[in-house]
Amino acid sequence: MNGSLLQDIAAYGPGFLKAAWLVLWLTLLTILVSWACGLLAALAQRSDLRLVRGAAAFYIWFIRGTPALIQIFIIYFGLPQLGLRLSPFTAGVIALGINSGAYVAEIVRSGLSAIHRGQTESALALGFSQSQTMRTIVLPQVFRIILPSITNEAISTLKNTSLLSTITVVELTLYAQTLISATFRPFDFYIAVAVIYLVLTTVLTQIANWGERRYARLS
Amino acid sequence: MTDGAPLLRLREIRKSFGTFEVLKGVSLDVAQGEVVSIIGASGSGKSTFLRSINVMEMPQAGKMDFGDFHFDFRKGAASHPTKVQLQKLRAEIGMVFQSYNLWPHMTVLQNVIHAPMTLRRTPRAQAVEEAEALLARIGLYEKRDSYPARLSGGQQQRVAIARALAMKPRLMLFDEVTSALDPELVHEVLVLMASLAADGMTMLLVTHEIAFARDVSSRVLFFDQGVMAEQGPPDRVLRNPESPRLRQFLHRILHDEMTRTTEDQA
Ligand SMILES: Nc1ncnc2c1ncn2[C@@H]1O[C@H](COP(=O)(O)OP(=O)(O)OP(=O)(O)O)[C@@H](O)[C@H]1O
Ligand SMILES: [Mg+2]
């Protein structure tokens, strides 16, 4: 390394911190979008309406069968051709959210199928509506079951934010690249990015583990 | 109590699954405070009949009167039940299942207060007070903050009964509620049901506990291949069955019971 580590941290630390902060935000918003999409798609798959089931199946099939990068390009570069221009940040959140939502849908679906029919029956027999039953009886149980898989998906989402460097979102990867083009120190800066990702994914995992332990105690 | 109109009146209830007719026109009147036991071979339509009463299964034909509810189940009938009517009806009819179906993510107390708080808008303090009184009655007050997984089958089933009672139903339906229990846990649940009956609760129960049906019910119905083949006071139906099929059925079930007792002793 040229110069001391401390000097580097003083010089580039704030910039990396800002980029890391952006990654956190991207991840958080993307997770929200992906849970909404995933839940909707999972419920749609159980709909009585064939068209609704078909739409959900198509969504999952399309997303899982195409690269995330192409999906991002379609939203950011493709949509303007149809008159819809989104900021890189918004396009990124939407693209990654829709992408991850297809995987979340599959996770939620498996969670739903793990809930015994008697759980809904007993609620319906008491006079609960379908949606009250879903909200208060089924989904809280599904959430506990799928927490580990949904954490893995959140971690993938976090790592996938690096793809947004391709549409000029100045997250960690793009920020590092700008430094590298000025300093010609690719090894140092990519390692720095890796270390920051490791910290973020480890923290996320710890939070999820804590949540799981808390649920385990509650039953 | 009420002279005249029965609490529940069913006329010519028919239910098919696909082309298979499970209920072939069953009629029944149940007076306030009556305890009616339903017996019959597996597949004879007992559960389907019970589930038609709170319309967890929608019959294809027949009529039903229960309190202010007057339904005609024929497709397109003017008084065909709506979704909202069904929710209101079910709120007044408690049902307990063979598999207790408590909600595992809620404590015993939460299981009991959830329906009255959500569906009747009972204030929390009042719901808790009523639930605790119910739990005290079934002897599980100390377990109010436990999760269902920590309870024995018999305890879970008693909580399931309390959960249904919390809605203050006018009719209770029990579908083989002791069948999934270990033999030594059956008794506590039967005792609770007998005490409900003694309090005047109107009850319909599907059961294989012939002795219980004899001692507690005012009437016994025998279902056979989707029809109510025989009915009457327990003494007559259980001791002097008219039809050979009921005689056969009782013979078989008593024989099974005897073998079970001998096995237990062995
Ligand atoms: N949802 C369903 N779809 C298709 N067939 C069904 C359904 N529910 C019940 N049946 C059939 O209807 C018949 C009557 O079932 P039901 O559960 O009412 O019998 P039962 O008298 O309660 O029997 P058991 O003593 O075994 O509980 C059976 O042949 C069963 O397979
Ligand atoms: Mg049955």
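Biologist: How many salt bridges are counted between chain B and chain A?

Modeller: The count between chain B and chain A is one salt bridge, in a model that is predicted.

Biologist: What makes the pair of E121(A) and R51(B) a salt bridge?

Modeller: The term asks for a side-chain nitrogen of Lys or Arg within 4 Å of a carboxyl oxygen of Asp or Glu. The closest N and O atoms of E121(A) and R51(B) are 2.8 Å apart, and because that value lies within the 4 Å cut-off, the pair is called a salt bridge. Side chains of opposite charge can pair when their charged atoms come close.

Biologist: Which other contacts join chain B and chain A, and which elements of chain B take part?

Modeller: Between the two chains there are nine residue pairs in polar contact, with both residues at pLDDT 80 or more. On the side of chain B that touches chain A, two or more residues come from each of α2 (83-91), β6 (93-96), α3 (108-119) and α5 (153-165) of chain B, and α3(B) gives the most, with four residues. By class, this side of chain B has 14 nonpolar, seven polar and four charged residues.

Biologist: What area is buried between chain B and chain A, and how many residues does each chain bring to the contact?

Modeller: About 1900 Å² is buried between chain B and chain A, with carbon and sulfur atoms giving 61% of that area. The contact takes 25 residues from chain B and 20 residues from chain A. The size of an interface is often given as the accessible area lost when the parts come together.

Biologist: Why is the approach of K46(B) to ligand 1 called a polar contact?

Modeller: An N or O atom in the side chain of K46(B) is 2.8 Å from an oxygen atom of ligand 1, and since a polar contact is a pair of N or O atoms within 3.5 Å, this pair meets the term. Backbone N or O atoms also approach oxygen atoms of ligand 1, that of S44(B) at 3.2 Å and that of G45(B) at 3.0 Å. Taken alone, ligand 1 exposes 630 Å², and the protein buries 60% of that.

Biologist: Which elements of chain B supply the shell around ligand 1, and how do its residues divide by class?

Modeller: Both β2 (20-30) and α1 (46-53) of chain B supply at least two residues of the shell, and α1(B) gives the most, with three residues. The residues around ligand 1 include F17(B), F20(B), V22(B) and E176(B), and the whole shell divides into four nonpolar, six polar and two charged residues.

Biologist: How many helices and strands does chain A have, and why does the pair of D8(A) and R185(A) tie together parts of that chain?

Modeller: Chain A has eight helices and zero strands. D8(A) forms a salt bridge with R185(A), the closest N and O atoms being 2.6 Å apart. Because D8(A) lies in helix α1 (residues 5-44) of chain A and R185(A) lies in the loop between α7 (172-183) and α8 (186-217) of chain A, the pair ties together parts that are 177 residues apart in sequence.

Technical notes. Residues are numbered from 1 along each chain as its sequence is written. Chains are lettered from A and ligands numbered from 1 in the order in which they are written. This is a predicted model: local features need pLDDT of at least 70, side-chain atom pairs count only at pLDDT 80 or more; totals for chains, interfaces and linings use all residues. Side-chain values use heavy atoms; hydrogens and water are left out. A residue is near a molecule or strand if one of its heavy atoms lies within 4 Å of it. A polar contact is a pair of N or O atoms within 3.5 Å; within protein, one must be able to donate a hydrogen and the other to accept it, and residues adjacent in sequence count only if both atoms are side-chain atoms. Accessible areas come from the Shrake-Rupley method with a 1.4 Å probe; for residues, only the protein chains shown count as cover. Ala, Val, Leu, Ile, Met, Phe, Trp, Tyr, Cys and Pro count as nonpolar, Asp, Glu, Lys and Arg as charged, and the others, Gly among them, as polar. Contact means heavy atoms within 4.5 Å. Buried area is the accessible area (1.4 Å probe) that two parts lose on being put together, summed over both.
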